[in-house]
Amino acid sequence: MFPKNIAEIITDTYKEQQMINFALFNKEGVELSRTKSIQNIDLDKINQIKDDLSLSFIEEKKAYFVITNLFKASLIVYLEANDGNIEEIKNSFILTLNCCFRVSTDKLDKEEFIKNILLGNIYGLEIDHNARKLFIPNFRNRVVFYIHIEEEYDIVLIEKFLKKTYNIDNNGSFILQIEENVLAFVYEDINDSIESEKIANDLSEILKKEFKIGIKISYGTICNNLRSLFKVYKESKISYEIGITFYKEVDIYSYNNLGLGRLIFQMPVELCKMFVDEAFKNNSNFVIDTNLEEEIKTFFENNLNISETSRAMNIHRNTLVYRFDKLKNETGLDIRNFYDANLFYISIMIMKYARRKGENTFND
């Protein structure tokens with residue numbers, strides 16, 4: 001069966017070159033793609049051709065015919081032209097369509113190649129060989145942006161929008177759907193981490209403005225060869241995991257700016273339990289509620305100053321003192337003390353990490 005995505009690429013490629021309207025059908029008569037200004041199509045003729053692929057219908061300004069051996073399949077074409085000889089236009093169209101097909105399949109081969117690198121399906125000499133075969137430069141500075149769509153949305157629309165916005169067809173970058181709600185933007189010829197940060201901010205702003213949905217963007221370090229793409233993709237993906245675990249209020253995560261979170265994500269869960277048991281005096285079942293967590297966060301932001309915290313949260317100072325005393329009784333840590341405050345902060349981060357890993361070592 002002729003792939004629908006290739007038919008759409010052929011249509012997009014051809015309509016930018018010629019002022020001819022056409023529609024493409026697979027050999028079962030199912031429409032795959034069409035130009036926007038197409039007129040009425042005689043579906044009876046399409047069905048007749050579907051039943052006998054040797055048939056064709058040539059009218060004064062319209063043609064119904066079959067092209068074979070595209071993607072090892074047959075393609076039914078409806079063609080209409082305003083001017084010129086329809087036979088000559090048909091022959092020219094077939095030649096151009098074959099050319100577009102070669103460009104389209106080559107483009108899809110390149111996308112599949114880059115995607116396989118990101119997912120770790122190919123490596124080493126196989127990457128070098130396929131890069132030469134597909135004329136993809138091996139040694140370029142590249143960064144991978146991991147774009148996670150936080151709400152239910154048609155990700156194909158977002159993919160098409162980004163490809164058009166960043167003129168992907170005319171440069172060495174790639175935008176690929178990796179998961180149901182994840183796009184990977186492989187950006188080529190990146191200069192430095194400052195440019196990476198700017199692109200991430202631009203991406204976030206553009207997508208939120210256009211689609212009005214929640215989007216998180218993460219990115220890793222810069223690599224200078226195709227073999228290293230797998231590593232920087234993993235960095236961008238783990239940056240997202242770390243970000244939504246510890247820094248949910250932020251929408252952009254850089255692998256180089258994850259601080260303590262990056263270190264904690266490398267800890268074995270059993271070691272996490274040992275640390276929290278020691279910090280909380282074997283009370284690792286302690287659960288912090290949302291209100292208390294917000295109060296403690298504000299307390300830390302105000303340099304452990306209770307008076308400033310009470311004013312910032314519009315809470316009576318004595319209420320905060322009572323809650324912090326209660327917290328001390330439950331955990332053994334007095335967060336008004338600098339050392340205990342740091343120990344508590346790290347312990348809470350470790351508990352969040354363990355819970356995200358799905359471990360029942362810590363109870364919710």
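Me: Two strands count as paired if DSSP finds at least two bridges between them. With that in mind, what joins strand β6 to strand β8?

Reply: In this predicted model, 7 bridges join β6, residues 142-149, to β8, residues 182-188. Pairing needs at least two bridges, and 7 bridges are found here, so β6 and β8 are paired strands. The two strands run antiparallel, and Val 143 stands opposite Tyr 187 in β8.

Me: Which strands form the open sheet, and in what order?

Reply: The sheet has 5 strands, placed in the order β7-β8-β6-β9-β10, with mixed pairing. The strands at its edges are β7 (174-179) and β10 (252-254), and because each has a single partner strand, one side of each is left without a neighbour in the sheet. Direction ignored, neighbouring strands are turned by 20° against each other on average.

Me: Which strands of the sheet does helix α6 touch, and which does helix α7 touch?

Reply: Helix α6, residues 193-211, packs on the sheet by touching β6, β8, β9 and β10, and its direction makes about 165° with that of β9. Helix α7, residues 229-246, also packs on the sheet, where it touches β6, β7, β8, β9 and β10, and its direction makes about 35° with that of β6.

Me: What describes the way the axes of helices α9 and α13 meet, and is their crossing left-handed or right-handed?

Reply: The axes of α9 (residues 269-279) and α13 (residues 338-356) come within 10 Å and cross at roughly 145°, and the crossing is left-handed. Among the residues that meet are Phe 275 and Val 276 in α9, and Ile 346, Ser 347 and Ile 350 in α13. By class, this contact has 11 nonpolar, 1 polar and no charged residues.

Me: Why is Lys 163 called buried or exposed?

Reply: The relative accessibility of Lys 163 is 18%, and the cut-off for buried is under 20%, so Lys 163 counts as buried. This residue lies in helix α5, residues 155-165, and, leaving aside its neighbours within four places in sequence, Lys 163 is in contact with Glu 111, Ile 168 and Ile 175.

Me: How do you know that Asn 167 counts as partly exposed, whereas Asn 314 counts as exposed?

Reply: Exposed requires over 50%; Asn 314 has 74% relative accessibility and therefore counts as exposed. The value for Asn 167 is 40%, so Asn 167 counts as partly exposed. Asn 167, in the loop between α5 and β7, has a positive phi of about 50° although it is not a glycine. Asn 314, in the loop between α11 and α12, has a positive phi near 55°.

Conventions:
Residues are numbered from 1 along each chain as its sequence is written. This is a predicted model: local features need pLDDT of at least 70, side-chain atom pairs count only at pLDDT 80 or more; totals for chains, interfaces and linings use all residues. Side-chain values use heavy atoms; hydrogens and water are left out. Helices (H or I, at least four residues) and strands (E, at least two) are DSSP runs, numbered from the N terminus. Axes are lines fitted to C-alpha atoms, for helices over the stretch in contact, and angles run from 0 to 180 degrees between N-to-C directions. Contact means heavy atoms within 4.5 Å. A crossing is left-handed if the near helix is turned anticlockwise from the far one by less than a right angle, and right-handed if clockwise. Ala, Val, Leu, Ile, Met, Phe, Trp, Tyr, Cys and Pro count as nonpolar, Asp, Glu, Lys and Arg as charged, and the others, Gly among them, as polar. Buried means under 20% relative accessible area, exposed over 50%, partly exposed in between (1.4 Å probe, protein chains only).
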